[in-house]
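Trainee: I have a model open beside its sequence, and I would like to learn how to read burial, strand pairing and overall form from it. Could you take me through these features one at a time?

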Amino acid sequence: MSACSSVSFDENTTTQAQFDTALATNAALAPSTVPLFGSATYEGEMQIDTMSGTTQSGSIRGGLIMEASFSSTNPITATAGGFAGTIDGKRVTYSGQLSSDDAPGLLPLNVITRNGVGVNATADMFVSIGGTLRNDETGVRNRLQSGFGTGQGSWLDGSFRGANARAVTGDVQLNIEPRGGRSAITGTTNDAIVTGDFYAVAN
């Protein structure tokens with residue numbers, strides 16, 4: 001199963017408040033119970049909190065497409081692009097896409113897992129991602145790095161929600177290696193971690 005790596009994303013124009021409202025609406029749905037059958041395409045957004053030292057400097061958002069095939073050995077893929085937002089009070093845009101097809105490392109993870117037992121067991125997902133986001137103004141490239149822990153790696157970690165897995169929501173982590181200067185996303189020229197959230201709804 002391959003991610004939608006050829007998808008063309010429009011430059012994001014939503015605000016942090018709009019994203020937060022959509023995330024909260026979908027996160028409020030009850031967890032989906034297992035087993036899950038068939039396949040689905042989910043569309044939504046990913047939001048990354050940008051940092052300057054230990055202080056949040058803003059946020060960027062990009063469109064997100066996820067494909068789930070619940071009986072596959074490679075059950076979940078993700079592609080995101082069209083990233084834009086506000087950092088230090090200034091609008092910023094980024095070229096490039098993030099995709100599970102480009103996940104770095106020898107063993108990128110792509111799993112749907114069962115959480116709990118019996119009739120109340122629910123379904124979670126984890127998918128590692130890779131790629132590069134290029135700051136359209138400065139040219140600095142933000143290359144994602146491999147790894148699977150909370151202190152390393154680039155991934156989406158979430159839960160299916162609603163009847164028949166209507167939506168999926170969760171956490172994002174990006175492990176960024178800047179190339180060509182200081183990253184406005186991480187606020188440093190060194191490797192660094194930033195985090196955020198995502199939601200996507202079956203279409």
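Mentor: Let us begin with a cut-off: a residue is called buried under 20% relative accessible area, exposed over 50%, and partly exposed in between. Please keep in mind throughout that this is a predicted model.

Trainee: Is Asp 197 buried, exposed or partly exposed?

Mentor: Asp 197 has a relative accessibility of 25%, so it counts as partly exposed. This residue is found in strand 12, which covers residues 192-202.

Trainee: Which residues does Asp 197 touch, leaving aside those up to four places away in sequence?

Mentor: Asp 197 touches Phe 19, Leu 23, Glu 45, Met 46, Gln 47, Gly 170, Asp 171 and Val 172. Gly 170 lies 27 residues from Asp 197 along the chain, and yet the C-alpha atoms of these two residues are separated by 5.7 Å.

Trainee: How should I read the chain as a whole, and what elements does it contain?

Mentor: The chain has one helix and twelve strands, and read from the N terminus their order is α-β-β-β-β-β-β-β-β-β-β-β-β. The radius of gyration is 16 Å, close to the 17 Å that the globule rule gives for 203 residues, so the chain is as compact as a globular protein of that length. The C-alpha trace spans about 50 × 35 × 30 Å along its principal axes, and buried residues make up 51% of the 203 residues.

Trainee: What share of the contacts between residues at least 6 apart in sequence join residues at least 24 apart?

Mentor: That share is 65%. As for the surface, the chain exposes about 9,200 Å², of which carbon and sulfur atoms supply 48%.

Trainee: Why is strand 2 described as largely enclosed by the rest of the structure?

Mentor: Strand 2 spans residues 55-69, and 13 of its 15 residues are buried, so the strand is largely enclosed by the rest of the structure. Strand 3 is mostly covered as well, with eleven of its twelve residues buried.

Trainee: How do I read the pairing of strand 2, and what are its partners?

Mentor: A general idea helps here: in a regular strand, the side chains alternate between the two faces of the sheet. In this model, strand 1 (residues 39-52) pairs with strand 2 in the antiparallel sense over 14 bridges, and within that pairing Gly 44 stands opposite Leu 64 of strand 2. Strand 2 also pairs in the antiparallel sense with strand 3 (residues 76-87), over ten bridges; there Ile 65 stands opposite Thr 79, while Met 66 has Ala 78 as its bridge partner.

Trainee: How are these strands joined, and where should I look for a positive phi?

Mentor: Strands 1 and 2 form a hairpin with two residues between them, and Gly 53 in the turn has a positive phi of about 70°. The hairpin that joins strand 2 to strand 3 runs through six residues. Strands 3 and 4 form a hairpin with two residues between the strands, in which Asp 88 takes a positive phi near 55°.

Trainee: How many bridges join strand 3 to strand 4, and how many join strand 3 to strand 5?

Mentor: Four bridges join strand 3 to strand 4 (residues 90-95), and the two run antiparallel; Ala 84 has Thr 93 as its bridge partner in strand 4. Three bridges join strand 3 to strand 5 (residues 97-99), again in an antiparallel arrangement, and in strand 5 the bridge partner of Gly 81 is Gln 97.

Technical notes. Residues numbered from 1 in each chain as written. Predicted model: local features only at pLDDT ≥ 70, side-chain atom pairs only at ≥ 80, totals over all residues. Heavy atoms only, no water. Buried < 20%, exposed > 50% of the residue type's maximum accessible area, 1.4 Å probe, protein only. Pairing = 2+ DSSP bridges. Rg over C-alpha atoms; globule rule 2.2 N^0.38 Å. Contact = heavy atoms within 4.5 Å. Areas by Shrake-Rupley, 256 points an atom, 1.4 Å probe, with all protein chains shown as cover.
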